[in-house]
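Biologist: Hey, I've never looked at this one before. Can you walk me through it?

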Amino acid sequence: MKVISIVGARPQLVKLAAVAAAFAQTEHQHVIVHTGQHYDADLSDVFFSGLGIPDPDVHLGVGSGSHGVQTGSVLSALDPVLDAEQPDWVLVYGDTNSTIAGALSAVKQHLPVAHLEAGLRSFNRRMPEEHNRVLTDHCADLLLAPTEEAMRHLANEGLAERSELAGDVMVDICLRIRDAVLAGEHPAPALPEGIDPTQPFLLATLHRPDNTDDPERLSAIIGALAALPVPVALLAHPRLIARAQQHGIELAQGSVHVGRPLPYAGLVAAVLASSGVVTDSGGLQKEAYLLDRVCTTVRPETEWVETLEDGWNHLVPDPHTMAPADWSALATRPAPEAPHGAPYGDGTAAQRVVKLMEQAMRRA
Ligand code: UD1
């Protein structure tokens with residue numbers, strides 16, 4: 001079986017690490033195409049080196065742009081690559097512009113498409129990711145769902161026959177790296193200056209356009225973090241830095257200490273060292289949950305609804321209107337006493353993904 005993985009953005013590289021390791025234990029040919037959607041070393045190269053992912057076989061180098069330009073550039077650059085490779089499967093990941101472009105290029109060439117992380121829904125049509133994931137699910141041939149909830153969404157949309165419960169491949173990597181960090185196999189993470197990892201601190205990230213692009217909302221969120229009674233390590237995505245500069249908002253104020261995005265092992269170590277997480281990232285909500293840290297999510301909804309149970313994760317739909325005392329009580333709340341379940345699987349999802357692709361190919 002010949003499989004082409006199409007990736008481009010940071011969270012896809014984490015999932016690719018699990019999938020590439022599973023394919024490496026088989027006779028199958030696994031070709032990696034990097035679209036170049038993310039190109040900064042912090043967002044791309046350090047994931048390949050840090051997670052032991054083989055270098056991409058093809059790099060499209062598309063870079064940034066408006067949604068149309070970025071999606072269109074991946075689409076036109078991919079056509080000749082897929083045409084030349086003629087894989088048995090094109091595997092696309094998650095919900096980025098690289099995902100929908102990869103799926104479209106493949107289906108238009110009658111190449112079978114498998115969608116990893118199928119069936120997630122926010123039901124928020126302002127999110128570009130929601131359109132990317134719905135459209136990808138509806139054109140793909142094999143839908144690899146991470147959770148029972150995702151399976152239900154796919155069934156509701158008439159896609160049950162193409163859907164399989166694979167589990168979440170991010171768990172595979174997160175637990176593997178957690179064990180390595182706890183065994184002392186990774187150096188201490190480069191936390192922002194002023195953060196003492198032996199004292200309580202919160203770890204924060206923000207990158208969603210709905211939070212970064214509206215100056216009033218961004219200013220309210222940064223102001224709330226600045227007023228917290230514990231230091232906040234804000235790992236700043238390039239979009240956040242660019243928008244804050246554009247809006248004239250100082251990120252490093254009050255309790256907020258600004259640093260760069262971390263490589264994956266550094267991020268896992270930072271979550272483990274922290275007393276909690278504040279974020280709008282889907283991946284980090286789940287990493288906090290898997291690593292038993294409370295998470296405060298600055299969004300009106302989450303695709304990862306399982307994390308909300310027992311208050312492990314808590315949503316802040318409208319950060320403008322929350323009083324500083326409420327922010328403080330929420331972000332510094334203790335972890336629930338009862339341990340949570342394992343709705344995302346047991347850390348062996350990538351092997352299941354390979355098996356499901358083998359089975360679906362035999363059926364075709
Ligand atoms: C993308 C995904 C989002 C995912 C996120 C993870 C889409 C629509 N969005 O959002 O689902 O959660 O990746 O990080 O696909 N930039 C750099 N260097 C880079 C990459 C980007 O400076 O290496 C800057 C550019 O100014 C760019 C902006 O960040 O315009 C946004 O990058 P883009 O890839 O468009 O979207 P993300 O916000 O990263």
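**Helices, a salt bridge and a cavity**

Modeller: Sure, let's start with two helices: the crossing of helix 1 past helix 14 is right-handed. Keep in mind that this is a predicted model.

Biologist: Where are those two, and at what angle do they pack?

Modeller: Helix 1 covers residues 10–24 and helix 14 covers residues 349–363. They pack at about 60 degrees, and their axes are 8 Å apart.

Biologist: Which residues meet there?

Modeller: From helix 1 you've got Ala 18, Val 19, Ala 22 and Phe 23. Facing them from helix 14 are Ala 350, Gln 351, Val 354 and Met 357.

Biologist: How does that contact split into nonpolar, polar and charged?

Modeller: The contact of helix 1 with helix 14 has 7 nonpolar residues, 1 polar and no charged.

Biologist: OK, new topic. How many salt bridges are there?

Modeller: There are 18 in the structure. One of them pairs Glu 85 with Lys 2, with the closest N and O atoms 2.8 Å apart.

Biologist: Where in the chain do Glu 85 and Lys 2 sit?

Modeller: In distant parts, 83 residues apart: Glu 85 is in helix 3 (residues 67–85), while Lys 2 is in strand 1 (residues 2–7).

Biologist: And how many cavities of 30 Å³ or more?

Modeller: Just 1, with about 40 Å³ of space in it.

Biologist: What lines that cavity?

Modeller: Lys 15, Leu 116, Glu 117, Leu 144, Pro 146, Gly 167, Asp 168 and Val 169. By class, that lining has 4 nonpolar, 1 polar and 3 charged residues.

Key. Residues are numbered from 1 along each chain as its sequence is written. This is a predicted model: local features need pLDDT of at least 70, side-chain atom pairs count only at pLDDT 80 or more; totals for chains, interfaces and linings use all residues. Side-chain values use heavy atoms; hydrogens and water are left out. On a 1 Å grid over the protein atoms alone, a cavity is a set of points where a 1.4 Å probe fits but cannot get out, and a pocket is an open set with protein on both sides within 12 Å along at least five of seven lines; lining residues have an atom within 4 Å of a point. Grid points are joined across faces, edges and corners, and a volume is the space filled by probe spheres set on the points. Ala, Val, Leu, Ile, Met, Phe, Trp, Tyr, Cys and Pro count as nonpolar, Asp, Glu, Lys and Arg as charged, and the others, Gly among them, as polar. Axes are lines fitted to C-alpha atoms, for helices over the stretch in contact, and angles run from 0 to 180 degrees between N-to-C directions. Helices (H or I, at least four residues) and strands (E, at least two) are DSSP runs, numbered from the N terminus. A crossing is left-handed if the near helix is turned anticlockwise from the far one by less than a right angle, and right-handed if clockwise. Contact means heavy atoms within 4.5 Å. A salt bridge is a side-chain nitrogen of Lys or Arg within 4 Å of a carboxyl oxygen of Asp or Glu.
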